[in-house]
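Hello,

Here is the structure I promised to pass on. Please open it first, then read my notes below.

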Amino acid sequence: MSDDTTTITVFDAVRALAFIVDLSMGQPTDHSLRTAWLAGKIAAEAGCDPSQIEAVRHVALLRWSGCTANAQEFADFLEDDVQGRRALLASPAPRMRQPHISGPVPDAVLAMADIHCEIAGDIANTLGLSRETEAALRAVFEAYDGSGIPGVLQGNEVPLATYVVALASDLEIFGRLYGIDEALTLARGRADSLYPAFLVDASAPRAPAWMKELDSPVAPWTEPTEQPPSMLRRMGLELVGDVIDLKLPWMTGYSRRVARLARDCGVQLGLDEAACHRTYKAGLIHGIGRAAVPNAIWNAPEPLPASSLERVRLVPYWTSRAAGQIDGLAAEAEIASFAFERRDGSGHFRGRSGSAMPLEGQIVAAAQQWQSHRTRRPWRPELTEAQALDCMKEDAKAGRFDEEVVTALLACVLPGASSSKPVAPPQGDASLSQRELEVLRSISQGHNTKEVARALGISPSTVRTHVERLFQKLGCTTRAAATLKAATRGLI
């Protein structure tokens, strides 16, 4: 987008992604920020130059940025993708390995690592970050002694930023959980295994003071004004929405659809341009908090048990808490936090009602509800347009939505309605055939090879051939990466 009111800085986008992944990893929302600050200190102490220090900070913020893309695979492997990751990070065992696993790393773990690293590297590339940053993110699970995943790099073949951030993450997590002395003991145990010993030796004398500074009342990490010009460039917020949606394959494109409908509804209601831009951006980020809820809950049929429902009810809280800390998204985060509120007070997380809900928040809530009706779930198909229409009218009649808002929204979605949504220009000519686009749209929604073949009336081998060609044309190796690239290029 060309209008600065619909964009954010690269730095704000990186911070938004960092908050999302902290929630996905079961970590406090400042874990990546604390790790980035520590990584910068370690890099400086180890004699790195300014460009290397900049790279390690960016790697620390985006280290886990591929975790939404393999959330379903992680859930299949460990049941609870959020708590499972939290337990792995708290364990002194090597990354991405279970203590009881011996011998070759399971194929499922290798697949998860491939997805994660490809997505993280692609995100860095899309953001225009340095080659060193991208390379480190693509090798984020490699180890100094060659025992990492996939285990094709070791020693000096692994980017230094990968090692620095791995150590910084260990010190941040272990120091927070067990104290700095135990954290240093664990780090020394990983010296010349996960990362080179010289980084631990350089950090150990200063680490206690660093942790004390991290825990001071005023957070010491870098302010936006101290960022290099590359991080102050402006970019579309859509990438953040696309990464949010990667967590659940059946939600591909969901945040964009909510955002466009919210904006168009605002136009229909006569809101000024600035307000329409805010509702659009709020729609893109309204699902940040979903990262904190395990996929097993999202994939379970309703009604949910009380314990699961409580975690779902906190989604808008986490959206508000995370995005609200970013200056460039503070206003939109407040609007987005109303995405699940209802005018009769039956929504969450505040239970606000009536005039206590701002109009822009009501618009996003109505847009989110319409798209929810029109999106399939693992246990049910999407509602038809007529069914969704009846549900929205019933909600308005019951006072859950403002009737004027619902009327404006339906004017945007019913047959014959005009839409102002922009068509995103493809970034380069991918030369995809119509059939390849059909296959791409299907795999982006989480369908396996047999399901795609059945839906399109072609053989599984033909589907595999199309997928191979898609990967070649899009320059990727996993379906998650194909989905993200297709979304950013406006292909799906």
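**Cysteines**

Cys391 is partly exposed, with a relative accessible area of 26%. Please keep in mind that this is a predicted model. The closest cysteine sulfur to that of Cys391 belongs to Cys265. The two are 17 Å apart, which is too far for a bond. Cys265 itself is one of the buried residues of helix α13.

How many disulfides does the structure hold? The count is zero. Cys67 is likewise in no disulfide, and its nearest cysteine sulfur, in Cys117, is 12 Å away. Cys67 is buried, at 0% relative accessible area.

**Salt bridges**

There are 19 salt bridges in the structure. Three pairs and one network are described here.

Take Lys247 and Asp81. Their side chains form a salt bridge, at 2.8 Å from N to O. Lys247 sits in the loop between α12 (238–245) and α13 (254–268), while Asp81 is in helix α5 (residues 81–90), so the bridge ties together parts that are 166 residues apart in sequence. Both ends are out of sight: Lys247 is buried, and Asp81 is buried too.

Next come Arg190 and Asp170. Their side chains also meet in a salt bridge, 2.8 Å from N to O. This pair links helix α9 (residues 180–190), which holds Arg190, to helix α8 (residues 160–178), which holds Asp170. The two residues are 20 apart in sequence. Arg190 and Asp170 are both buried.

Then look at Glu436 and Lys473. The salt bridge between their side chains is 2.9 Å, N to O. Glu436 belongs to helix α22 (residues 434–444) and Lys473 to helix α24 (residues 460–474), so this bridge joins parts that lie 37 residues apart in sequence. Is each end buried or partly exposed? Glu436 is buried, with a relative accessible area of 3%. Lys473 is partly exposed, at 34%.

There is also a network of salt bridges. It links Arg34, Glu172, Arg176 and Asp215.

**Backbone points**

Which residues are joined by cis peptide bonds? Ile149 and Pro150 are one such pair, with omega about 5 degrees. Pro150 is in the loop between α7 (131–138) and α8. His348 and Phe349 are another, with omega about 15 degrees. Phe349 is in the loop between α18 (330–336) and α19 (359–373).

Asp192 has a positive phi, about 60 degrees, although it is not a glycine. Asp192 lies in the loop between α9 and α10 (197–203). Its relative accessibility is 42%, so Asp192 counts as partly exposed.

**Two helices**

Start with α3 (residues 50–62). At 1.5 Å a residue, its 13 residues should span 18 Å. The end C-alpha atoms are 19 Å apart, which agrees. The buried residues of α3 are Ile53, Ala55, Val56, His58, Val59, Ala60, Leu61 and Leu62. They pack against α1 (10–24), α2 (31–45), α6 (107–127), α7 and α8.

Now α13. Its 15 residues should span 21 Å at 1.5 Å a residue, and its end C-alpha atoms are 21 Å apart, which agrees. This helix is mostly covered, with 11 of its 15 residues buried. Among the buried ones are Tyr254, Arg256, Arg263 and Asp264. The buried residues of α13 pack against α12, α14 (273–285), α19, α21 (403–413) and α25 (479–488). After α13 comes Gly270, whose phi is positive, near 85 degrees.

**A pocket**

The second largest pocket holds about 770 Å³ of space. It is lined by 28 residues. Which of these lie nearest its centre? They are Glu302, Val312, Phe340, His348 and Ser372. His348 is also part of the cis bond with Phe349.

The elements that give two or more residues to the lining of this second largest pocket are α15 (295–298), α16 (306–313) and α19. Of the elements, α19 gives the most, with four residues.

Best wishes

Definitions and conventions: Residues are numbered from 1 along each chain as its sequence is written. This is a predicted model: local features need pLDDT of at least 70, side-chain atom pairs count only at pLDDT 80 or more; totals for chains, interfaces and linings use all residues. Side-chain values use heavy atoms; hydrogens and water are left out. A salt bridge is a side-chain nitrogen of Lys or Arg within 4 Å of a carboxyl oxygen of Asp or Glu. Buried means under 20% relative accessible area, exposed over 50%, partly exposed in between (1.4 Å probe, protein chains only). A disulfide is a pair of cysteine sulfur atoms within 2.5 Å. The expected span of a helix is 1.5 Å times one less than its number of residues. Contact means heavy atoms within 4.5 Å. On a 1 Å grid over the protein atoms alone, a cavity is a set of points where a 1.4 Å probe fits but cannot get out, and a pocket is an open set with protein on both sides within 12 Å along at least five of seven lines; lining residues have an atom within 4 Å of a point. Grid points are joined across faces, edges and corners, and a volume is the space filled by probe spheres set on the points.
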